[in-house]
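Please read the following account with the sequence and the three-dimensional model side by side, and follow each residue in the viewer as it is named.

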Amino acid sequence: MPYVIISIQVRLDVGPTFVGDEWSDPELMESLNASLIKQLGNNYAQYKTDLPPRQVLDRLETKGFKLVAMTGVGQTCIWTMHKEAGVCALLSSIAMPVCSWFRSLNFENVELGSL
């Protein structure tokens, strides 16, 4: 589950904050102190936490999620967070330092045959 969508209506500073649907990772939802609720009139359940959005975003960042987008729709604010899936995250953590090191060697204008 690499994406999390967070939303809040009207008050940004106090919550409650909606952090997932009924198919969200239960362990992740527990770490956000979220409970699965079904509001009157809705035909779906969603996870809700009393944490304000800033605290939700902070907690997700410590779990490796990064902010992808934020938008406002009427009086609702929505954040989309993404986390690299297992192997991809591992490879990027290894590959980025190697790529940076290789670029520092300044081989850009060297032909492969001369190596």
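In helix α2 of this predicted model, the buried residues are P53, V56, L57 and L60. Viewed along the axis of α2, these buried residues fall within an arc of 95°, so they line one face of the helix. The face turned away from that buried side carries the exposed residues R54 and T62. As for what lies over the buried residues of α2, the cover includes β1, β2 (17-21), α1, β4 (46-49) and β6, which is to say that both strands and a helix contribute to it.

The helix also holds a charged pair. D58 forms a salt bridge with R54, and the closest N and O atoms of the two are 3.2 Å apart. Both residues lie in α2, 4 residues apart, or about one turn of the helix. How does the accessibility of the two partners turn out, and in which class does each fall? D58 has a relative accessibility of 37% and therefore counts as partly exposed, while R54, at 52%, counts as exposed because the cut-off for that class is over 50%. The count of salt bridges in the model comes to 1.

From α2 one can pass to the nonpolar core. It is the largest such core and has 17 residues, of which V4, I6, V19, M29, V56, L60 and M81 touch the most other members. The elements that give two or more residues to this core are β1 (3-9), α1 (26-31), α2 (53-62) and β6 (76-82). In soluble globular proteins, nonpolar side chains tend to be buried together. Two of the core residues just named, V56 and L60, are also among the buried residues of α2.

M29 gives a second view of this core. When its neighbours within four places in sequence are left aside, M29 is in contact with V19, G20, S24, A34 and Y47. One of these partners, S24, is placed in the loop between β2 and α1, and at 10% relative accessibility S24 counts as buried, because the cut-off for that class is under 20%. The side chain of S24 reaches the backbone nitrogen of D21 at a distance of 3.0 Å.

A comparable case, with a backbone oxygen as the partner, is found in strand β4, where T49 is located. T49 is buried, with a relative accessible area of 1%. A polar atom of the T49 side chain lies 3.4 Å from the backbone oxygen of N33. Not counting residues up to four places away in sequence, T49 touches P16, T17, V19, L32, N33, A34 and V56; the list thus includes V56 of the core as well as N33 itself.

Returning to the end of α2, the chain enters the loop between α2 and β5, where K63 is found. K63 has a relative accessibility of 37% and so counts as partly exposed. With neighbours within four places in sequence left aside, the contacts of K63 are L28, S31 and K83. Its C-alpha lies 9.0 Å from that of L28, although K63 and L28 are 35 residues apart in sequence. G64, which follows α2, has a positive phi, near 95°.

What, then, is the environment of strand β5, buried or open? Of the 8 residues of β5 (residues 66-73), the number buried is 0, so the strand lies largely in the open. β5 is joined by 7 bridges to β6, and the two strands run antiparallel; A69, for example, stands opposite T80 in β6. The two strands form a hairpin with 2 residues between them, and G74 in the turn has a positive phi of about 60°. β6, the partner strand, is one of the elements that give two or more residues to the core, and β6 is also among the elements covering the buried residues of α2.

These pieces can now be placed in the chain as a whole. The protein chain has 3 helices and 6 strands, and along the sequence they follow the pattern β-β-α-β-β-α-β-β-α. Buried residues make up 26% of the 115 residues in the chain. Among contacts with a separation of 6 or more, 52% are accounted for by residues 24 or more positions apart.

Key:
Residues are numbered from 1 along each chain as its sequence is written. This is a predicted model: local features need pLDDT of at least 70, side-chain atom pairs count only at pLDDT 80 or more; totals for chains, interfaces and linings use all residues. Side-chain values use heavy atoms; hydrogens and water are left out. A nonpolar core is a set of buried Ala, Val, Leu, Ile, Met, Phe, Trp, Tyr and Cys residues joined through side-chain atoms within 4.5 Å. Buried means under 20% relative accessible area, exposed over 50%, partly exposed in between (1.4 Å probe, protein chains only). Contact means heavy atoms within 4.5 Å. Two strands pair if DSSP finds at least two bridges between them. A salt bridge is a side-chain nitrogen of Lys or Arg within 4 Å of a carboxyl oxygen of Asp or Glu. The arc is that of the directions from the helix axis to the C-beta atoms. A polar contact is a pair of N or O atoms within 3.5 Å; within protein, one must be able to donate a hydrogen and the other to accept it, and residues adjacent in sequence count only if both atoms are side-chain atoms.
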